Each structure stands twice: as C-alpha cells, then as structure tokens.
Amino acid sequence: AQPTDGDAFKVIIGDFVTTEDGTGIVHIAPSFGADDFRIAKQNGIDSLTLVDRRGRFLPQVSDGVFLYGEEYVKEDYCSEAEKAIELERQKASLGGFIKDTSKLNYLSVDERICLKLQNENKLFKKEKYDHNYPHCWRTDKPILYYPLDSWFIKIPQVRDRMVELNNSIHWKPESTGTGRFGNWLENANDWNLSRSRFWGIPLPIWRTADGEETMCVGSAEELKMEIEKSVGAGVMTENPLKGFMPGDNTKANYDQFDLHKPYADEIVLVSPSGKPMQRESDLIDVWFDSGAMPYAQLHYPFENKEKVENIWRKADFIAEGVDQTRGWFYTLHAIATMIFDDVAYKNVVSNGLVLDKNGQKMSKRLGNATDPFETLDKYGPDATRWYMISNANPWDNLKFDIDGIGEVRNKFFG
C-alpha cells in the first residue's frame with residue numbers, strides 16, 4: 001500500500017525522538033500526532049490509513065498466513081466467540097510455522113506481525129512492556145484514533161494577542177493564569193471546530209461536490225435568501241423558511257423551522273456557478289457554544305448589539321474547575337479576542353477538584369463517588385460547606401472524606 005500523495009516507508013530524522021526511553025528509533029504516522037505530522041510534512045511523507053471506522057484493517061492488509069485483512073486492530077474489540085473463530089483460522093494458516101497448533105492460543109495482530117518478521121529474518125528483538133494508552137471511560141476498551149477531515153479556526157493568527165490580553169486578567173491562583181493557561185496560549189494551535197456527531201449546532205457551511213465553491217451562512221435571513229435562489233434554480237422545491245420574517249425576534253417566528261439535524265441536511269443551496277451545494281455534515285464543537293455564551297444568549301448581533309458591545313460583554317468574575325483551562329476559560333478568551341479584541345472576563349478563580357479520600361478522581365464506574373444529596377440529607381448543608389472550605393483553598397484539590405464531615409459536625413455544630 002502507498003499513500004495517494006507523497007512518500008512512505010522511509011527512515012528520516014526527528015528532533016523529538018530521544019534514546020532515554022528506548023532505542024531512538026520510532027514509528028511515525030502523520031495522521032496521529034502533531035510531531036509526526038510536522039516531521040512527515042517536512043520530509044514529503046503522506047498519510048496512509050489502513051484501518052476502517054469499525055476498527056478493522058482494510059482487506060489489503062493480508063498475506064493469507066499471518067494477516068487476514070478485515071480483522072480488528074485490537075484484541076480487546078473481539079468478543080470471545082469472534083476470538084474462537086479467529087483462533088481456528090490461525091491454527092489452519094500457521095501450521096507450517098508452529099509445530100503443535102493444538103496448543104495454540106489466540107494471537108493478537110502484534111504477535112503475528114512479530115512471527116511474520118521472524119519468519120522473514122527481519123526481527124531484531126521482541127519483548128512485552130507496559131505503557132500508558134487511553135481507554136474509553138465507559139467500556140474500558142482502548143480508544144481507536146482515526147483521521148477525519150475537519151474544519152479549523154486559525155488560532156495562531158491571534159495567538160500573540162491572546163497572550164497579551166491574558167496578562168491583564170486577574171487570576172486566582174496567579175500560577176494558573178501565567179503557568180497552565182499562559183503556557184497553553186503560547187503554544188495554541190488551530191482550533192478543531194467540527195465534530196462528527198448528531199446532536200448539536202450544525203456547521204453553517206455548504207459546499208459543492210468538487211469542493212471548489214464554499215458558502216458560510218451567517219443568519220436565518222441570509223439562509224432564507226439563499227434557499228430562495230435554490231428554489232428559483234430548481235434545486236429545491238420549496239423554502240422551509242418561507243414564513244420567517246427577518247427582524248421579528250419572537251420565539252414564534254423562530255419556531256417555524258428547525259435548523260438542527262436532520263432538517264439542516266435537507267437544505268441544498270446553489271453556488272454562484274449554478275452547482276448544488278450540500279451542507280457539511282459535521283457539527284460545531286460544543287465548547288464553541290460555551291465560549292459564545294455571553295453574546296449568543298442575548299441573540300447578538302441581531303439583538304442587543306450596542307448593550308453587548310458597550311456594557312454586557314465582559315464578566316467581572318467567573319469561576320470553574322482547573323480542568324477548564326483548555327475548555328471554557330480558553331474558548332471564552334479565544335472568541336472574545338477574535339470578535340472584540342478584548343478579554344471575556346476580568347477576574348477568574350480556577351477551582352480545584354473534589355477527589356476521593358485517596359486523591360483519585362470520583363467515578364460512578366469505580367464506585368468511589370459520593371452522592372451529594374445523601375450527604376446533605378445526613379449531615380446538613382452547613383457542616384458540609386464548612387468541611388469543604390476549611391480543608392482546602394478554593395483553588396486547591398480537596399480529598400473528600402465523608403467521615404471528616406461527621407467530625408466537623410460534632411466539633412463545631414454540636
């Protein structure tokens with residue numbers, strides 16, 4: 001297999017590879033990592049994807065002996081029944097390389113690749129080692145990364161201004177603003193705006209099939225006008241926004257249509273050259289919704305324009321968990337910088353997290369989560385509040401031990 005554009009299967013030099021944790025030789029995949037993408041682009045290496053969206057190898061990843069094509073990348077994805085079927089196929093195909101296949105256990109793809117390299121006298125060394133790998137928090141199965149076409153916001157064009165504006169924000173603790181958040185801003189890359197989901201705000205972007213013509217629609221009024229052009233060109237038969245009255249900001253006026261999926265996907269516009277334009281199927285990142293909240297909640301810029309721009313634009317104070325340095329704090333700051341060249345908030349407290357008594361993140365799945373309603377019913381809100389504020393600063397993590405509330409209640413509240 002070869003990539004459609006560019007080269008592959010070459011030895012190149014990368015300044016991010018060290019010999020501290022291995023041999024100094026690593027495999028790179030341009031679609032699966034910023035360093036990999038950068039070094040591959042510098043050397044004319046293109047992306048090569050041999051796995052489908054089910055998590056199975058493509059049919060061409062097969063030699064009929066060690067690799068069979070259309071099999072799962074990870075053993076964890078297979079059910080026991082599927083592994084039993086695969087095992088029988090392995091026994092049949094590996095008989096010439098393994099003396100007694102009757103004792104053979106299921107071999108993963110990685111193990112069979114080692115066998116293949118060994119058979120071809122290309123194996124230098126093989127060993128098993130443990131390393132960190134992300135898993136789905138619901139199923140505990142390994143996460144499969146997959147390259148998809150996405151839409152991005154060019155954050156590097158405003159990155160320096162975002163850093164400059166951040167210096168005017170009062171952070172508590174200061175170290176979060178100058179350290180964790182400040183460092184993130186200084187190295188911020190393009191913002192991946194699109195998501196391949198069903199529920200959410202659809203991207204208002206329509207494109208021709210050849211990708212040569214693109215249209216971004218900025219309002220319901222503009223969309224109504226574009227649909228009228230489409231109806232006039234015979235691309236659409238009727239306008240679902242025909243009853244919409246621009247300038248009428250009542251709920252009844254906007255309730256006449258629904259611009260979510262699947263209805264938005266049924267709208268086909270016409271390009272300036274007369275070609276049909278389908279909507280891009282993706283949605284907008286929900287963090288963009290959150291970052292646009294100060295203005296979107298007031299229907300800006302269609303309503304309250306002067307008040308938003310002159311009075312209601314900046315928050316005097318916000319507070320959220322420290323994990324929001326790459327979430328809400330960031331998207332608020334990015335959108336305010338791009339639209340108003342200003343900050344979205346003046347003061348911010350970055351709360352610590354409430355962990356279990358051993359310092360682990362609480363999780364229903366792990367069974368270490370504390371039910372807040374049961375806690376309040378048993379100990380009352382005052383004892384609970386006092387325990388929490390007296391055991392950690394608001395910006396520090398709190399190791400929550402429910403027995404400690406009992407001690408606080410007995411000591412301070414009788």
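## Exercises on a three-stranded sheet and a helix pair

The strands β2, β11 and β10, in that order, form an open sheet of three strands with parallel pairing, where two strands pair if DSSP finds at least two bridges between them, and where helices (H or I, at least four residues) and strands (E, at least two) are DSSP runs numbered from the N terminus. The model is predicted, and local features need pLDDT of at least 70, side-chain atom pairs count only at pLDDT 80 or more, while totals for chains, interfaces and linings use all residues. Residues are numbered from 1 along each chain as its sequence is written, and side-chain values use heavy atoms, with hydrogens and water left out.

**Exercise 1.** Identify the edge strands of the sheet and trace the bridges that join its neighbours.

*Solution.* Begin with the edges, which are β2 (170-172) and β10 (315-321), each pairing on one side only. Next, follow β10 to β11 (residues 345-351), to which six bridges join it in a parallel run; Ala 315 stands opposite Tyr 345 in β11, and Glu 320 has Ser 350 in β11 as its bridge partner. Then turn to β2, which pairs with β11 in the parallel sense over three bridges, with Val 348 in β11 as the bridge partner of Trp 171.

**Exercise 2.** Place helix α11 relative to the sheet and give the handedness of the unit that it makes with β10 and β11.

*Solution.* Helix α11 (residues 328-340) lies across β2, β10 and β11, and runs at about 145 degrees to β10, with axes being lines fitted to C-alpha atoms, for helices over the stretch in contact, and angles running from 0 to 180 degrees between N-to-C directions. Together, β10, α11 and β11 make a right-handed β-α-β unit, a crossover being right-handed if, with the strands pointing away from the viewer, the path from the first strand over the helix to the second runs clockwise.

**Exercise 3.** Describe how α12 and α14 cross, and which residues meet.

*Solution.* The axes of α12 (residues 372-379) and α14 (residues 402-412) come within 11 Å and cross at roughly 25 degrees. The two helices are therefore roughly parallel to each other, a term for angles under 35 degrees. In contact, meaning heavy atoms within 4.5 Å, Thr 375, Lys 378 and Tyr 379 of α12 meet Ile 402, Ile 405, Gly 406 and Arg 409 of α14.

Conventions:
Angles under 35 degrees count as roughly parallel, over 145 as roughly antiparallel, 65 to 115 as roughly perpendicular and the rest as oblique.
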